[in-house]
Each structure stands twice: as structure tokens, then as C-alpha cells.
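Here's a quick tour of a two-chain model, with a few spots worth looking at while you have it open on screen. Have a look at the sequence and the structure first.

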Amino acid sequence: MEEDNSFVRPFIITGGRVEPTQSDLRLETLVVAVRPPDESLTFERKRVAAVCASPTTVAEVAHRVGVPLGVAKVLISDLVAVGHLACRQPAELSLHTLERIRDHVRAL
Amino acid sequence: MSGRSDKMVPLAVKIVVSGGLGVGKTTFIGAISEIEPLDTEAAITQVSVGVDSLDGVESKTTTTVALDFGRITLNPAISLYLFGTPGQDRFSFLWDDLVEGALGTVVLVDTRRIEDCFPALDYFEAQRAPFVLAVNHFPGARRFELDEVREALGLGDDVPVVDCDARDRRSVRDVLVVLMDRVIRERTAGRERSAALV
């Protein structure tokens, strides 16, 4: 864990930006690294990319990297923009998919 | 769009679990989740006047809020996530983030403190989001008929009201099935409404 004396204001990490370049990231959106982190990435972005080695939700990324959700969204959307991460665009679910979800839940 | 992939990433869907503080949201999620509840910290910087500073200098403190978070892998292509709303009213501004894109919501109620669910009911009714009311039975609490609970809360006939035991996996599953049935009913009704308009 970070020591208190190394505290960095959350939005220093994002260069002062508070709005992600992609507005459709939700807490449960799964993101996955499509190529290994490289030296071009700054510290936190490298950690985000490393955490996403397997599909990981935005909420879990925030938890594991230790940044607030808003910061995690900015970092993730940056990494998607430069092609390091992929995410699945939320779309309205079909009736058929809703029924499949219900049937899977019933079978739990 | 580049950088996106539908093939590699499973579909993630979400159900929100809401209700008053101590009503059993964490227990409900924990009963069916494959993973330990996760503390997702949303840091909130509060500006307040320091009580110990006589010169009135503003001091900033960062508080965190833990979100209950559970996962159920329905099949390799679909993961269902359960998110609990923070119990304290002062974190209610986080609800919009939690609710965005959710399939629906389970509102838990404890009949000993029925009024605790009012903020959740107000919020989800205003959102016009599908929800079910689940009466979590606590040992020693007086049992009420579900119709009495519905009447006391002024819920319409379209809102399912069910009994539940948040500690019991099967009971939690049954509540989620009732919610999914309502989600599907609303979707079908929506289709019929839009068809009628054409």
C-alpha cells in the first residue's frame, strides 16, 4: 500500500482531466489488455494495463490500482484510445439475451 | 471502433441491490457471489472547516466509500455483477453511476424499519427502472403479509413483492429470477406499446 506521505491528488494522475474520453464506461464494463504494457506508458497506466491481463471490470481496476473510480475511467479510456485495452461497448440487450440470463439465474 | 472487441470480452450485466443501512445488502450479495465482497473505493474529497483550527482555515479530508460488489459467472460468455448501493444517504450521488445500464434493482426492506427503504423506492420509481421489493426476514421480526407491505409502501400491482432470506442462496436466486421476469415483462410490454404507435 502507498504510504500517506506519497499521497498524490487523484487528478494529478490524469493531468487534471475529469471526463473520460469515452463516456460509455460503466462500473461493470469489462476491459482487457490486447498487448503487453510497454515503456511508453506512465506508471499508473502501466498498472492498469497489467491488471487487465484478463478481462476485469472498471470497478475492480479502480480497486486494484488504488485510484478513485473517476480516475480509473479516465486512465482506461486513454488506454483504449491508444489501443492497449479493449472493452465491450454496452448495447441494449435483446429479449432473447434477457431470457437466457433469467434461465441461467434460475439454474444457479 | 478500434480497440474494441466483442469476441474476447464476455458480456457483463449488472443488477443493483438497494435498501437502507443494515438491511442485508452485503449478506444478499455474499450469499450468491463467487467472489468475496470487494471494497471499491470512491474517494471523495470533502472541504470542511477544520474543527481544531481557530483561524478557520479550511481543511480537506478524503473519505472513501465501500461498494458491495459480487460476481456470478452465468456461462463463459455472460457474467452477472451485483452492486450494492452505499447505505449512507450522503453517498447517494453515486447511485447514478451504479444504476446506469443496470438490468434492474432489488430493493430490500426490513419490516422493523420499513421507512429506511423510502429513499431507494423514491429513486427507482423516479428512474422508471424495473425493481422488485424483497422483504428480508430477520429472526424475531414480526411477519407481515406481503399485501400489507405493498399497501404500506403504496406500491403498484406491477411491482413484485416477495419474501426473502438474504442469507440463503436459493432464496436470493429466487428474488433475482422474479426481477428478471419483471425485466422481461416490461421489455415485452414496451415492444407492444411501440408497435401500437406505428
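## An arginine in a loop

B:Arg128 counts as exposed because only 8 C-beta neighbours sit inside 10 Å, and the cut-off for exposed is 12 or fewer. Keep in mind that this is a predicted model. You'll find B:Arg128 in the loop between α3 (118–127) and β9 (131–136) of chain B. Its backbone is a bit of an oddity: B:Arg128 has a positive phi of about 55° although it isn't a glycine.

## Chain B at a glance

Chain B has five helices and 10 strands. Of its 198 residues, 33% are buried. Take the contacts in chain B between residues at least 6 apart in sequence: 70% of them join residues at least 24 apart.

There's also a database label to place. An unreviewed UniProt entry carries the annotation "domain: Rhodanese" for residues 102–173 of chain B. In the model, that span is 32% helix and 22% strand, and its end C-alpha atoms lie 17 Å apart.

## Where the chains touch

On to the pairing of the two chains: 33 residues of chain A are in contact with 41 residues of chain B. On the chain A side, the elements giving two or more residues are β1 (30–33), α2 (58–65), α3 (69–81), β3 (85–87) and α4 (95–106). The largest share, eight residues, comes from α4(A). What sort of residues make up the side of chain A that touches chain B? They divide into 20 nonpolar, six polar and seven charged.

## The shared core

Nonpolar side chains tend to be buried together in soluble globular proteins. In this model the largest nonpolar core has 71 residues, and those with the most contacts inside it are A:Val61, A:Ala72, A:Ile76, B:Ile15 and B:Val106. The largest share of this core, eight residues, comes from α3(A).

If you'd like one residue to click on, try A:Ile76. Leaving aside its neighbours within four places in sequence, A:Ile76 is in contact with A:Leu25, A:Val31, A:Val48, A:Val58, A:Val61 and A:Leu85.

## Two helices of chain A

Helix α1 (residues 43–51) of chain A has A:Arg45, A:Val48, A:Ala49 and A:Val51 buried. Seen down the axis of α1(A), these buried residues fall within an arc of 165°, so they line one face of the helix. As a reminder, an α-helix has 3.6 residues a turn, so residues three or four places apart point the same way. What do the buried residues of α1(A) pack against? Their partners are β1, β2 (56–57), α2, α3 and β3 of chain A.

Helix α2(A) is mostly covered, with seven of its eight residues buried. Those are A:Val58, A:Ala59, A:Glu60, A:Val61, A:Ala62, A:His63 and A:Val65. Right after α2(A) comes A:Gly66, which has a positive phi, near 80°.

## A little sheet in chain A

Chain A also has an open sheet of three strands, in the order β2-β1-β3, with antiparallel pairing. Its edge strands are β2 and β3 of chain A, each pairing on one side only. β1(A) and β2(A) run antiparallel and are joined by two bridges. Which residue is the bridge partner of A:Leu30 in β2(A)? That's A:Thr57.

Methods: Residues numbered from 1 in each chain as written. Chains lettered and ligands numbered in written order. Contact = placed C-beta atoms within 7 Å. Helix = DSSP H or I, 4+ residues; strand = E, 2+ residues; numbered from the N terminus. Nonpolar A, V, L, I, M, F, W, Y, C, P; charged D, E, K, R; others polar. Core = buried A, V, L, I, M, F, W, Y, C linked by C-beta atoms within 7 Å. Buried ≥ 20, exposed ≤ 12 C-beta atoms within 10 Å, placed from the backbone. UniProt positions renumbered as here; feature names shortened; annotations may be inferred. Arc of directions from axis to C-beta. Pairing = 2+ DSSP bridges.
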